[in-house]
Amino acid sequence: METDGRRGAESAEGFREVSRGLWVEEPAKRYRMPDAVRTAAVRAVIIAAITLIQATIAFLSTLAGSWLAFPMVLSSVASTVVATWGVLDVWVTRQMWNQRGGVVSVPSSTARQLRRERRRARRAARSAARSADRGGARIRRGARPRGGAGAPETGAPETSAPETGAHEAGAHEAGAAATPRRAPASV
């Protein structure tokens, strides 16, 4: 096969070869660990590495009969305790993350049920707060207040009040007209 055939040009036989890209994306086999768990795992690996280095130094200095052997043995014992704590920290952090996020594979999971109940309670509280703010009245979709989007109503609600004099009615209208209107917040 000639060079132009390898590059994707038509070969002498008239076939066009398809070139494959250099980078092929493959789906991940496992999901990425949460940040808190990854941080704890990195910390545990670093502590375990330092512990192994200390144990190696303690062993070699014991063989050499060096004065450094005893302090290194003591520090490697202490580092072993700290490394055990680091591994337990990874396990506890992972369990805490799973329980807090409700990531349990069982369909009847308690964490999932608690999340569902909390969500329902929040929705009920929000709808109760909305209905209390509106005074129980619902606004239909597409209906806008007279002042435009976001503008508060300036006039008082119309009620069937006893007949008043023309002087009082004029004062009420003048008071409503004197109330300044605010521009919408989005402007």
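Thr-93 touches Ala-36, Val-37 and Ala-40, leaving aside residues up to four places away in sequence. In this predicted model, Thr-93 belongs to helix α3. With a relative accessible area of 10%, under the 20% limit, Thr-93 is classed as buried.

**Helix α3 and its partner**

Helix α3 covers residues 69-101, a run of 33 residues. From its first C-alpha to its last, the helix reaches 47 Å, close to the 48 Å expected at 1.5 Å a residue. Against which element do the buried residues of α3 pack? They pack against α2, which spans residues 35-64. The buried residues of α3 are Ala-69, Met-72, Ser-76, Ser-79, Ala-83, Gly-86, Asp-89, Val-90 and Thr-93.

**Salt bridges**

The structure holds 2 salt bridges. One of them joins Arg-38 to Asp-35, with the closest N and O atoms 2.8 Å apart. Both residues lie in helix α2, 3 residues apart, which is about one turn of the helix. In the other pair, the side chains of Arg-43 and Asp-89 meet at 2.6 Å, N to O. This pair links distant parts of the chain, since Arg-43 is in helix α2 and Asp-89 is in helix α3, 46 residues apart.

How buried or exposed are the residues that take part in these bridges? The table gives the values for three of them, together with Thr-93 and Ile-53.

| Residue | Relative accessible area | Class |
|---|---|---|
| Thr-93 | 10% | buried |
| Asp-89 | 19% | buried |
| Arg-38 | 24% | partly exposed |
| Arg-43 | 35% | partly exposed |
| Ile-53 | 51% | exposed |

Asp-89 counts as buried because its relative accessible area of 19% falls under 20%. Its salt-bridge partner, Arg-43, is partly exposed at 35%. Arg-38 is likewise partly exposed, at 24%.

**Surface**

The protein exposes about 16500 Å², and carbon and sulfur atoms supply 59% of that area. A nonpolar patch of about 430 Å² on the surface is made by Ile-53, Ile-57, Trp-67 and Leu-68. Of these residues, Ile-53 lies in helix α2. Ile-53 counts as exposed because its relative accessibility is 51%, and the class begins over 50%.

**Overall architecture**

The protein has 5 helices and 0 strands. Read along the sequence, the pattern is α-α-α-α-α. Of the 187 residues in the protein, 13% are buried. Among contacts with a separation of 6 or more, 52% join residues 24 or more positions apart.

**Confidence of the prediction**

The mean pLDDT of the protein is 74, and 56% of its residues reach 70 or more. Which element has the highest mean pLDDT, and which the lowest? Helix α2 has the highest, at 95, and helix α5 (residues 166-178) has the lowest, at 48. Over residues 160-176 the pLDDT is below 50, and this stretch has 2 contacts in the model beyond near neighbours in sequence.

In summary, helix α2 has the highest mean pLDDT among the elements of the protein. The buried residues of α3 pack against this helix, and a salt bridge between Arg-43 and Asp-89 links the two helices.

Notes
Residues are numbered from 1 along each chain as its sequence is written. This is a predicted model: local features need pLDDT of at least 70, side-chain atom pairs count only at pLDDT 80 or more; totals for chains, interfaces and linings use all residues. Side-chain values use heavy atoms; hydrogens and water are left out. Helices (H or I, at least four residues) and strands (E, at least two) are DSSP runs, numbered from the N terminus. The expected span of a helix is 1.5 Å times one less than its number of residues. Buried means under 20% relative accessible area, exposed over 50%, partly exposed in between (1.4 Å probe, protein chains only). Contact means heavy atoms within 4.5 Å. A salt bridge is a side-chain nitrogen of Lys or Arg within 4 Å of a carboxyl oxygen of Asp or Glu. Accessible areas come from the Shrake-Rupley method with a 1.4 Å probe; for residues, only the protein chains shown count as cover. Patches are made of residues with over 30% relative accessible area and no salt bridge: like charges are joined within 9 Å, nonpolar side chains (Val, Leu, Ile, Met, Phe, Trp, Tyr) within 5 Å. pLDDT is the predictor's confidence in each residue, from 0 to 100.
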